[in-house]
Amino acid sequence: MKKTENQPFFSVIICTYNRAKIITRALDSLIAQKSTHWEAIIVDDGSTDNTKEIIQPYLKKSSIRYFKKEHSGLARSRNAGMQLTKGKYITFLDTDDEYAPEHLQHRQEF
């Protein structure tokens, strides 16, 4: 991929399946990052709960995109997310996890 001036440094892939009750913690930790050179791709692996409704406010931020696909498991969801990335580097954030505010900044410095 050719690097462009607007290319994010990180593409953060967040795969979810029926995690509406906990996904906001992960998203809030991503938005709170000191580094702003990221994009996020939420890959919904066919959730049947209200995941899409819960994340709608987050999608107003242009650096977060949502993609829903047929349920096929975590590995295929991660692969699907990687196909959608624009960043120089790819990383993952699970829905039951959260980043410390300096997480991406430290990784970028390293």
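This is the transcript of a short group-meeting presentation on one predicted protein model.

Good morning. The structure under discussion is a predicted model, and I shall begin with its strand β1.

Strand β1 covers residues 10-16, and seven of its seven residues are buried, so the strand is largely enclosed by the rest of the structure. The burial applies to both faces. On one side, Phe-10, Val-12, Ile-14 and Thr-16 are buried, and on the other side Ser-11, Ile-13 and Cys-15 are buried.

Which strands pair with β1? One partner is β2, residues 38-44, which runs parallel to β1 and is joined to it by seven bridges. Within that pairing, Cys-15 has Val-43 of β2 as its bridge partner. Another partner is β4, residues 89-92, where the pairing is again in the parallel sense and extends over four bridges. Here Ile-13 is matched with Phe-92 of β4. As for the connection between β1 and β2, helix α1, residues 23-31, completes a β-α-β unit with these two strands, and the unit is right-handed.

I turn now to the nonpolar core. In general terms, nonpolar side chains in soluble globular proteins tend to be buried together. In this model, the largest nonpolar core has 18 residues, and the members that touch the most other members are Val-12, Ile-14, Leu-30, Trp-38 and Ile-42. At least two residues of this core come from each of β1, α1, β2 and β3. Which of the elements gives the most to the core? Helix α1 does, with four residues.

Ile-42 merits a closer look. Setting aside neighbours within four places in sequence, Ile-42 contacts Ile-14, Thr-16, Ile-23, Leu-27, Ile-55, Leu-59, Ile-64, Arg-65, Tyr-66 and Phe-67. Among these contacts, Ile-14 and Thr-16 belong to the side of β1 that also holds Phe-10 and Val-12.

The next topic is charge pairing. The structure holds six salt bridges, and I shall describe three examples.

In one of them, Lys-69 and Asp-45 meet through their side chains, at 2.6 Å from N to O. Lys-69 sits in the loop between β3 (64-68) and α3, whereas Asp-45 sits in the loop between β2 and α2 (51-55), so the salt bridge ties together parts that are 24 residues apart in sequence. Are these two residues buried or exposed? Both Lys-69 and Asp-45 are buried.

Ser-77 adds to the picture at this site. Ser-77 is located in helix α3, residues 74-83. Ser-77 counts as buried because its relative accessibility is 0%, the cut-off for burial being under 20%. Not counting residues up to four places away in sequence, Ser-77 touches both Asp-45 and Lys-69, together with Cys-15 and Val-43. Cys-15 and Val-43 are themselves the bridge partners mentioned for β1 and β2.

A further salt bridge joins Asp-94 to Arg-78, with the closest N and O atoms 3.0 Å apart. Since Asp-94 lies in the loop between β4 and α4 and Arg-78 lies in helix α3, the pair ties together parts that are 16 residues apart in sequence. Asp-94 is partly exposed, with a relative accessible area of 33%, and Arg-78 is likewise partly exposed, at 24% relative accessibility.

In the remaining example, Arg-25 is paired with Glu-98, and the closest N and O atoms are 3.6 Å apart. This pair links distant parts of the chain, 73 residues apart: Arg-25 is in helix α1, and Glu-98 is in the loop between β4 and α4 (103-109). Arg-25 has a relative accessible area of 40% and is partly exposed. Glu-98 is partly exposed too, with a value of 43%.

Finally, I come to the aromatic residues. The model contains two aromatic pairs. Phe-9 and Phe-10 make an edge-to-face pair, 4.9 Å centre to centre, with 80 degrees between the planes. Phe-9 is buried, with a relative accessible area of 18%, and Phe-10 is buried at 6%. Phe-9 also pairs with Tyr-89 in a tilted arrangement, 5.1 Å centre to centre and 50 degrees between the planes. That pair links distant parts of the chain, 80 residues apart, because Phe-9 is in the segment before β1 and Tyr-89 is in strand β4. Tyr-89 is partly exposed, with a relative accessible area of 41%. Phe-9, Phe-10 and Tyr-89 form one aromatic cluster.

Thank you for your attention.

Terms used
Residues are numbered from 1 along each chain as its sequence is written. This is a predicted model: local features need pLDDT of at least 70, side-chain atom pairs count only at pLDDT 80 or more; totals for chains, interfaces and linings use all residues. Side-chain values use heavy atoms; hydrogens and water are left out. Buried means under 20% relative accessible area, exposed over 50%, partly exposed in between (1.4 Å probe, protein chains only). Contact means heavy atoms within 4.5 Å. Two strands pair if DSSP finds at least two bridges between them. A crossover is right-handed if, with the strands pointing away from the viewer, the path from the first strand over the helix to the second runs clockwise. A salt bridge is a side-chain nitrogen of Lys or Arg within 4 Å of a carboxyl oxygen of Asp or Glu. A nonpolar core is a set of buried Ala, Val, Leu, Ile, Met, Phe, Trp, Tyr and Cys residues joined through side-chain atoms within 4.5 Å. Rings of Phe, Tyr and Trp (its six-membered ring) pair if their centres lie within 6.5 Å; planes under 30 degrees apart count as stacked, over 60 as edge-to-face and the rest as tilted.
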